[in-house]
Structures are given as structure tokens and as C-alpha cells.
Amino acid sequence: MIEIKSLSKEFKLTKQHRRELGESFTDKKSICAVNDISFSCKPGQIFGLIGPNGAGKTTTLRMVATMLKPTHGSISVCGHDTVHANQQVRKKIGFMTGQTALYDRLTPNEMVQYMAELHGMKKDLFFQRRQSLFDLLDMHDFADRRIARLSTGMKQKTSIARTIIHDPEVMIFDEPTSGLDVMTSRAIMNLIRSCKDDGKTVLFSTHRMGEINQVCDHLAIIYNGELYFNGSLNVFKEEMTQPTFEDEFIFRVEGK
């Protein structure tokens, strides 16, 4: 369970930042990346957070994952506050991004085992869990190759297995299919569905409306740090006045 209440995040701007952002930021001392948003994600549900690049999606997810502290508001993950009980929160979550950041000299087997040991997993449970994940992600053929020699898709699968090996209650996916081929993207979407089937809380960020339509139960639209919609996917579809998801998204954010 994730509970987000009145969440905001401001970043201070240096002189260099103001120069890079342009004349409209010359007199500004800070920028608001996330502005007073609230929503909740429930177990057994895939919650889709959608918006263009720079909308505030990644900043929100990093606050949930305890990587950033909110300026205002609060976040609770499985009953633990992300600021005051960050260690407990980290034990409960798996955070998956499009940036793999793997050790090139290790193999997928070694990388995943290393993470399992950090989480204190028992060997029998680790072997069972690894087998299941490698079956689901079709990783057996390259499990013993050096990561430096793997394709982008193979690295992404390895990163996913590393992230989820300890079977966390909450899964956070930050644009996990960005830049990937169709087959790898499909494997990742299947994994997201399996997380729902296992009763996990899933927070899934993307800028692809098609992916939201495939897997999500609930949808929030974020743009310029603000929420423009927060409700079930079925309600969103019922309220649509435009012919496609993309058209409806643009209509909503431009019309507010």
C-alpha cells in the first residue's frame, strides 16, 4: 500500500541552473517539480502514473523510494513513513528504472545472487525465486555471460531480476520499457501483470498511453507537477470525449 498526501517537491536553483533554464527563470530561487498531489495505490492493483518527460513522474517515484525527501506532504509505504522510517520502506520495495547501472564484470546469475545476499535471503528460497524469475524473463540462455557482453534488453531483464529477487510487497516501475525492443517490452509487461497476480502493490510510470491501457486498473495524469486526473481506468474511458487516449490526454492538460 502506498499513501501519498499533499506531496510537493521544490528544488533550489543555482545561478548556473537559471542560466540553463532561460530568461523566465532569471529571478526564481527554486522550481516546483511536484505540486500538492495526493493518491493511493492498493495491493493487487496496477496504478499507472502517466505524463510527458519532465512532468514530475520520476521525482514522485524517487520520493516514494526514499531517494528524495519531500518538501511538503507525506508518503507512507506499507504503513512506514518514507522520511522517518526509510530503512523499513526500502525493505518493502523494488525500484525499477530504465537505467540498469549493473556491474559489467559480473554475470546475471552473480548479480542477482549478490542482491539476494544483501537482502539476507535463504539459499533455498533464492534458488526457487531465481528459477521462477529467469523462466518468466527468459534469461537462462545468457545467465552466465558477462554483463558487459549483453544486449540492452538482456541488461534490462537482469536489472529487473535484481530488483525483484527479494519478492518485495511494493514494485515501482519508472518507464521500464523505454528504448527496448518489442520482445523485451512484452516480457516486462508480463512481469508487471504477474506482480498484480501475486497481490503486490504496483506503481507504474510511463509516457505511453498504450501500456496504460494494457495493464493498469487505476490512472493518474501528471503534468507540470500537478495531477489532472486520478481515478479508475474504466472511469477515464467513460469520460473520454476524444477519439484516442493520446488525444484525450492532450485535451485534458491543455484545457485546464
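## A walk through a predicted fold

Let's start at a loop: Met240 has its place in the stretch between helix H9 (233-239) and helix H10 (245-255). Keep in mind as you look around that this is a predicted model. Which residues does Met240 touch once its neighbours within four places in sequence are left aside? They are Phe245 and Glu248. Looking further along the chain, Arg252 comes 12 residues away from Met240, and the two C-alpha atoms are 9.6 Å apart.

**The whole protein**

Now zoom out. The protein has 10 helices and 10 strands. Its C-alpha trace spans about 55 × 45 × 35 Å along the principal axes. How does the radius of gyration fit with a compact globule? For 256 residues, such a globule would have a value near 18 Å, and the protein's 19 Å agrees with that.

Of those 256 residues, 48% count as buried. The accessible surface comes to about 13400 Å², and carbon and sulfur atoms own 46% of it. You can also ask how the chain meets itself: among contacts with a separation of 6 or more, 68% are between residues 24 or more positions apart.

**Helix H7 and its surroundings**

Helix H7 covers residues 182-197, which makes 16 residues. From its first C-alpha to its last it reaches 23 Å, close to the 22 Å expected at 1.5 Å a residue. Quite a list of its residues is buried, including Thr184, Ile188, Leu191 and Cys195. What do the buried residues of H7 pack against? On the strand side there are S3 (45-50), S7 (170-174) and S8 (201-206). On the helix side there are H5 (123-137), H6 (152-164) and H8 (209-215). Just after H7 comes Gly199, which takes a positive phi of about 80°.

Leading into this helix is the loop between S7 and H7, and Leu180 lies there. Is Leu180 buried or exposed? With a relative accessible area of 14%, Leu180 is buried. Leaving aside neighbours within four places in sequence, its contacts are Thr152, Gly153, Gln156, Ser185 and Ile188. Ser185 and Ile188 are also among the buried residues of H7. For a sense of distance, try Lys28: Leu180 is 152 residues from it in sequence and 38 Å from it in space, C-alpha to C-alpha.

**Helix H4**

Helix H4 takes up residues 108-118, and its buried residues are Pro108, Asn109, Met111, Val112, Met115 and Ala116. These buried residues pack against H5 and H6, two helices that the buried residues of H7 pack against as well. Just after H4, Gly120 has a positive phi of about 70°.

**Rings and a charge**

The aromatic rings are worth a look too: there are 6 aromatic pairs. Here are two of them.

| Ring pair | Centre distance | Plane angle | Kind |
|---|---|---|---|
| Phe39 and Phe47 | 4.7 Å | 15° | stacked |
| Phe236 and Phe245 | 5.6 Å | 75° | edge-to-face |

Why does the pair of Phe39 and Phe47 count as stacked? Their planes are at 15°, and planes under 30 degrees apart count as stacked, so the name fits. For Phe236 and Phe245 the planes are at 75°, which is over 60, so that pair is edge-to-face.

How well covered are these rings? Phe39 is at 4% relative accessibility and counts as buried, and Phe47 is buried at 0%. Phe236 and Phe245 are buried too. Ring pairs also link Phe229, Phe236 and Phe245 into a cluster. You have met Phe245 already, as a contact of Met240.

A charge joins in elsewhere: the charged end of Lys9 sits over the ring of Phe11, 5.3 Å from the ring's centre.

**Two unusual backbone angles**

Most residues other than glycine have a negative phi. Against that background, take a look at Ser6, which is not a glycine but has a positive phi of about 50°. Ser6 is found in strand S1 (residues 2-12). It is partly exposed, with a relative accessible area of 38%.

Cys78 is another case, with phi near 55° in a residue other than glycine. Where does Cys78 lie? Look in the loop between strand S4 (72-77) and strand S5 (80-81). At 21% relative accessibility, Cys78 counts as partly exposed.

Conventions. Residues numbered from 1 in each chain as written. Predicted model: local features only at pLDDT ≥ 70, side-chain atom pairs only at ≥ 80, totals over all residues. Heavy atoms only, no water. Helix = DSSP H or I, 4+ residues; strand = E, 2+ residues; numbered from the N terminus. Expected span 1.5 Å × (residues − 1). Buried < 20%, exposed > 50% of the residue type's maximum accessible area, 1.4 Å probe, protein only. Contact = heavy atoms within 4.5 Å. Phe/Tyr/Trp six-rings, centres within 6.5 Å; stacked < 30°, edge-to-face > 60°. Lys NZ or Arg CZ within 6 Å of the ring centre and 35° of its normal. Rg over C-alpha atoms; globule rule 2.2 N^0.38 Å. Areas by Shrake-Rupley, 256 points an atom, 1.4 Å probe, with all protein chains shown as cover.
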